Amino acid sequence: MSKINKKIIIIGGGLIGSSIAWHLCKLGYKPKIIEKEYLLDAGASGACEGLMLLQSKKPGLHLNMAMKSIEIYKEIEKELEIDIEFKRTGGIVLIHSKREMEILKDYVVKQKKSGADIEMLTSQEVKSMVPQVADDIQGGSFSKSDAIINPLTLTHAWQEGCVKNGIELLQNTEVLDILHENGKVKKVITSKGDFEADLVINAAGPYGAIIAKMVGLDTPLKPRKGEIMVTRAKKNPVLKYPLLSATYIAAKYDPEIAKSGTGFAIDQVHNGNILIGSTREFVDFNAESTIKGMSTIAKSINKTLPGLGDFEVIRSFAGLRPYTPDGLPFLGEHPNVSGFFFACGHEGDGVTLAAITGQMVADIIDGKDVEYDMKNFNPARFDNEGN
Amino acid sequence: MKIKYIIEIDNKKFTVNKGELLLFSLLENNIFAQGEIKSRKRGGYCGMGVCQECLVKIGNSEKLACQTIVEKDMEVTTND
C-alpha cells in the first residue's frame with residue numbers, strides 16, 4: 001500500500017498528535033487528525049508553562065529522549081512558519097533542604113553519566129544567579145540546555161504545516177467508538193461521521209484510557225490536575241532562568257518529601273508574564289482553578305523566592321495531564337490490537353518530549369529502526385498487573 | 001448633536017465620542033497596540049477587564065482602556 005493511501009487516524013490535536021501528524025506528513029503520509037474541542041490546545045498542551053527542563057527527567061532513556069527532543073526543536077524552529085518562541089535560557093533547580101541535597105547530588109551524577117550537561121551550584125552561586133532567592137537556600141543545579149517554548153504557538157505551527165500539506169484536521173469532533181475485528185482496527189466512529197482506518201493513533205492525552213477502552217484495552221492512565229497562575233506582563237526581565245523546585249524531583253524518591261508539597265516551577269515567558277505552577281492532584285476529570293490551589297502555589301513561591309516582591313496575578317488556569325504509574329508514556333502499537341498505536345501518558349513532560357515522540361511514532365509507522373528501547377514504553381507493560 | 005471630546009493619546013490630539021470606552025476610542029483611531037514587550041506588540045483582547053492587555057497610563061495611574069470611559073482632556077499614554 002502506498003504511503004498516501006494508508007488510512008491513519010490520529011485522535012487528539014494537541015502537541016503530541018500534531019507532532020506525529022507533522023512528522024508523518026514529512027515522510028509522505030496523509031493522516032487525518034480528530035480533535036474533540038475546537039481549540040487545539042484545549043487539553044494538557046494548553047495547561048502548562050512551556051518549560052523544557054532536562055533536569056527533571058529521569059537519568060537514562062527518559063533524559064536521552066529529552067536531550068534529543070530539544071535538539072529537534074532547535075532544528076525545526078527554522079522550518080516552521082510560526083514563531084515557537086524556543087529559547088535556550090538554561091534552567092536552575094533550587095534545593096531547599098539537606099535531604100533534597102543528598103538526593104539531587106546522586107541524581108545529578110547519574111544524569112551526567114547519561115550525557116547531560118548539568119552542574120551542581122553552591123548556595124552562593126544560586127544567590128548570584130537568582131537574587132530573589134531566600135537566604136536559607138541550600139544550593140541548586142544548573143543546565144544550560146534547559147529551554148522554554150510556547151506550547152500554544154508550537155501546536156499551531158505544526159498544525160499549520162500539516163493543513164498546508166493537505167492533511168485533514170477535524171475540530172469539534174468527538175470519537176465515539178472504534179470498530180475492531182479479529183484484533184485489528186477497522187473504523188473510527190465520530191460525531192461527524194465514520195472513517196475507515198488502517199492505523200489509529202491514540203494521542204488523547206489524559207483521555208487516553210477512554211479511547212483505549214473503545215478497543216477493549218484497560219490502561220492505567222489517569223488525569224492529574226495542575227493549576228498555574230499568570231502575573232501581569234513585566235517589560236523588564238525579572239527572572240533570567242526558569243526555576244524548578246527540587247522538591248518536585250526529590251518527591252519521586254522520598255515519600256517523606258512528597259508530604260511537604262509538590263514544589264513549584266516558575267518562568268517568565270516571551271511576553272513578559274510570569275507563570276507560576278503547579279499543583280499535582282488527582283481529581284478525576286475536573287479541571288477547575290481553585291483558590292486553594294493558587295494559595296498553595298503562592299505560599300511555596302513566597303517561601304523560596306521572597307525577593308520577587310509583589311505581583312498582580314491576572315488569571316489562573318488549570319488542566320489535566322496524563323499520568324502513568326511509572327512516569328513513562330505509552331508509545332507504540334499494542335500487541336493485542338493490530339493497528340492501534342499509543343502516544344499518550346507524558347504527564348508533565350509532553351512539551352519536552354513532543355518532538356521526539358512525533359519522530360519516533362512516525363519512524364515506527366514507516367518501518368524505520370528506532371534508537372530507543374521501545375519495551376520501556378510498551379502500552380501493554382501493565383496488562384498483567386490487574387489494572 | 002452628539003458631544004465630542006478632545007483627548008490626548010501619546011501626545012497627539014484625537015476627537016472621541018462622549019460616553020464611549022477608551023478602548024473603542026483607541027480602536028477607532030487605529031491604535032491597536034497598547035504595549036510592546038520584547039518587540040512584540042500587544043493590545044486589547046478580551047474587552048472585559050480580564051486579560052489586562054489594554055493597560056494604559058492615564059495621567060500617572062494605570063488603567064484598563066476597556067474599563068474606562070473617556071473624559072474631557074484625558075491624557076493617555078499607550079506604550080509605557
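In this predicted model, Gly115(A) adopts a positive phi of about 100° just after helix H3(A). Helix H3(A) itself comprises the 16 residues 98-113, which at 1.5 Å a residue should span 22 Å, and the 23 Å between its end C-alpha atoms agrees with that expectation. Within H3(A), the buried residues are Glu100(A), Leu104(A), Tyr107(A), Val108(A) and Gln111(A); viewed down the helix axis they fall within an arc of 105°, and therefore line one face of H3(A). An α-helix has 3.6 residues a turn, so residues three or four places apart point the same way. The buried residues of H3(A) are covered by elements including helix H2 (61-79), strand E5 (118-122) and helix H7 (246-250) of chain A, whereas the face turned away from the buried side carries the exposed residues Lys98(A), Asp106(A), Val109(A) and Lys113(A).

Helix H9(A), residues 291-304, reaches 20 Å from its first C-alpha to its last, close to the 20 Å expected for its 14 residues at 1.5 Å a residue. Gly293(A), Ile297(A), Ser300(A), Ile301(A) and Thr304(A) are buried in H9(A), and because they cover an arc of only 100° around the axis, they lie on the same side of the helix. These buried residues pack against several strands of chain A, among them E4 (91-95), E13 (222-231) and E17 (313-323), while Ile291(A), Lys292(A), Ser295(A), Lys299(A) and Asn302(A), on the other side of H9(A), are exposed.

A pairing of helices is found between H1 (residues 15-26) and H10 (residues 350-365) of chain A, whose axes come within 8 Å and cross at roughly 40°, which makes H1(A) oblique to H10(A). This crossing of H1(A) and H10(A) is right-handed.

Notes: Residues are numbered from 1 along each chain as its sequence is written. Chains are lettered from A and ligands numbered from 1 in the order in which they are written. This is a predicted model: local features need pLDDT of at least 70, side-chain atom pairs count only at pLDDT 80 or more; totals for chains, interfaces and linings use all residues. Helices (H or I, at least four residues) and strands (E, at least two) are DSSP runs, numbered from the N terminus. The expected span of a helix is 1.5 Å times one less than its number of residues. A residue is buried if 20 or more other C-beta atoms lie within 10 Å of its own, exposed if 12 or fewer, and partly exposed in between; C-beta atoms are placed from the backbone. The arc is that of the directions from the helix axis to the C-beta atoms. Two residues are in contact if their C-beta atoms, placed from the backbone, lie within 7 Å. Axes are lines fitted to C-alpha atoms, for helices over the stretch in contact, and angles run from 0 to 180 degrees between N-to-C directions. Angles under 35 degrees count as roughly parallel, over 145 as roughly antiparallel, 65 to 115 as roughly perpendicular and the rest as oblique. A crossing is left-handed if the near helix is turned anticlockwise from the far one by less than a right angle, and right-handed if clockwise.
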